[in-house]
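Q: I'm new to this structure and would like a close look at one part of it. Could you start with a hairpin of strands and then walk me outward to whatever surrounds it?

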Amino acid sequence: MVDFAGWEMPLMYRGIIEEHQHTRNGCSVFDVSHMGRLKLTGADAGALLQLVCTRNVADQSPGVSRYSHVCREDGGILDDVIVSRYENHWLMVCNASNRDKIVVWLEQHAAGKQVDIVDQTSDTAMLAIQGPRTVELAERLLPLDLKSLKRYHFLTGSYIGMPYTIFRSGYTGEDGFEVIVPAGVARLIASELFAGGGPGGQGEVRPAGLGARDTLRMEAAMPLYGHELTESVDSLSAGQGWCVDLSKDFVGADVLRRLTERGLPQKLVGLELAGRRIARQGARVFAGDSAVGAVTSGTLSPTLGKSIAMAFVAAERASEGGSLDIEIAQARTPALIVKLPFYKRK
């Protein structure tokens, strides 16, 4: 167990590699209750989200979730979030370390608007159920047609008196769901999921911790706040332009438009290293004798058996197939720029 943004979180149960591989081949459960869950109601809730989010939410239908960034006026990323529209309210899921900051930001921009913001994080629990067997196993527990639920769509309901929301989303590169339930029933839900194997056992559904969550998202090239995304990084340079709608006005839009016109000075790239040494965050990236960037995340990929990393490098050095060197323990390790993601499910 480790401290993570003020939460006591499981780093691992049986081992990072074992949990990683079980997620890629079976079904794992991650306790992600530390993620912030902010409920927005009121006549201007949608307008507030349209103002602070890079993604267009004006045409978002009930039952749909969208990934977005929340930016400062200078384009720096305050957080990456998931925004979901219900019939009579909105839900924003944000990172645990940024929850207080995002609440303040929303309240600041809600001034004069008809919006009520309620932090539901402590009143609810959130579980991520991930892996190729997730749909099959989940349908054994719930009398629902989960196969028909589209990616980034969600459904709500009540099961034996318990309200729930089930989202077809996740952070592993695999199929799966993220489920929000009242905090008081989290133990009951876990017991049902782990039936037959126990929370530390060898059942079909097994728990996984933060360690495997990180190696899984790395293989899928999913950005992590504090690594690929920070207040000193813009959404376009981070390779997340697909979640930015420059045809609408939002906080930071003018800066991102100017970046588009001028061209990006740096880009996020994927790197495959020679050998098995791991490039850590902050490791310098070189082209010849010139430092051209820095690593944001690195790991030894359990699925690919290779050392992989993501890094920001000067745009003129970011072409796929190019060769760079990474400084690890005062020595240079060759690396090849490769297409992201490193891993994509079949």
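A: Strand β15 (residues 284–287) is joined to β16 by four bridges, and the two run antiparallel. Keep in mind as we go that this is a predicted model. One pair to find is valine 285, which stands opposite glycine 293 in β16. The two strands make a hairpin with two residues between them, and in that turn glycine 288 has a positive phi of about 65 degrees.

β15 has another partner too: it pairs with strand β18 (residues 323–328) in the antiparallel sense, over two bridges. Look at valine 285 again, and you'll find it opposite isoleucine 326 in β18. The general idea behind such pairings is that strands of a sheet pair through backbone hydrogen bonds, either parallel or antiparallel.

Now follow β16, which covers residues 290–300, to leucine 300. With a relative accessible area of 24%, leucine 300 counts as partly exposed, because buried would mean under 20%. Setting aside neighbours within four places in sequence, leucine 300 touches Arg276, Ile278, Lys306 and Ser307. Its C-alpha atom is 7.6 Å from that of arginine 277, although those two residues are 23 apart along the chain.

β16 also leads us to a helix. Together with β1 (2–4), β2 (7–9), α1, β3 and β17 (307–314), β16 is among the elements covering the buried residues of α6. There's a lot to cover in α6: nine of its 10 residues are buried. Among them are Leu210, Ala212, Leu216 and Met218, but also Arg213, Arg217 and Glu219. Just past the end of α6, alanine 221 takes a positive phi of about 55 degrees.

How do α1 and α6 (residues 210–219) sit against each other? Their axes come within 8 Å and cross at roughly 55 degrees. The two helices are therefore oblique to each other, and the crossing is right-handed. On the α1 side, the residues that meet α6 are Ile16, Glu19, His20, Thr23 and Arg24; facing them in α6 are Gly211, Ala212, Thr215, Leu216 and Glu219. The spacing makes sense in general terms: an α-helix has 3.6 residues a turn, so residues three or four places apart point the same way.

α1 has buried residues of its own, namely Glu19, His20, His22, Thr23 and Arg24. Besides α6, their cover includes β3, β9 and β13. In fact α1 (residues 16–25) lies across those three strands, running at about 120 degrees to β3.

That takes us to the sheet underfoot. Six strands make up this open sheet, in the order β10-β11-β12-β9-β3-β13, with mixed pairing. At its edges are β10 (154–159) and β13 (205–207), each of which pairs on one side only. On average, neighbouring strands here are turned by 25 degrees against each other, ignoring direction. Inside the sheet, β3 (residues 27–31) and β9 (residues 124–130) pair in the antiparallel sense over four bridges, with valine 29 opposite isoleucine 129.

For the last stop, go to the largest nonpolar core. It has 23 residues, and Leu40 and Met92 have the most contacts inside it. The elements that give it two or more residues are β4 (36–41), α2 (45–52), β6 (77–85), β7 (90–94) and α3 (99–109). There's a second, separate core as well, with 22 residues that include Cys71, Val233, Leu236 and Met310.

Of the strands feeding the largest core, take β7. Five of its five residues are buried, so β7 is largely enclosed by the rest of the structure. Both of its faces are covered: Trp90, Met92 and Cys94 are buried on one side, Leu91 and Val93 on the other. That matches a general pattern, in which side chains of a regular strand alternate between the two faces of the sheet.

β7 has antiparallel partners too. It pairs with β4 over five bridges, and leucine 40 stands opposite tryptophan 90 there. It pairs with β6 over four bridges, where serine 84 has leucine 91 as its bridge partner. β6 and β7 form a hairpin, this one with four residues between the strands. As for leucine 40, its contacts beyond four places in sequence include Leu48, Leu49, Trp90, Met92, Val115 and Ile117.

Terms used. Residues are numbered from 1 along each chain as its sequence is written. This is a predicted model: local features need pLDDT of at least 70, side-chain atom pairs count only at pLDDT 80 or more; totals for chains, interfaces and linings use all residues. Side-chain values use heavy atoms; hydrogens and water are left out. Two strands pair if DSSP finds at least two bridges between them. Axes are lines fitted to C-alpha atoms, for helices over the stretch in contact, and angles run from 0 to 180 degrees between N-to-C directions. Contact means heavy atoms within 4.5 Å. A nonpolar core is a set of buried Ala, Val, Leu, Ile, Met, Phe, Trp, Tyr and Cys residues joined through side-chain atoms within 4.5 Å. Buried means under 20% relative accessible area, exposed over 50%, partly exposed in between (1.4 Å probe, protein chains only). Angles under 35 degrees count as roughly parallel, over 145 as roughly antiparallel, 65 to 115 as roughly perpendicular and the rest as oblique. A crossing is left-handed if the near helix is turned anticlockwise from the far one by less than a right angle, and right-handed if clockwise.
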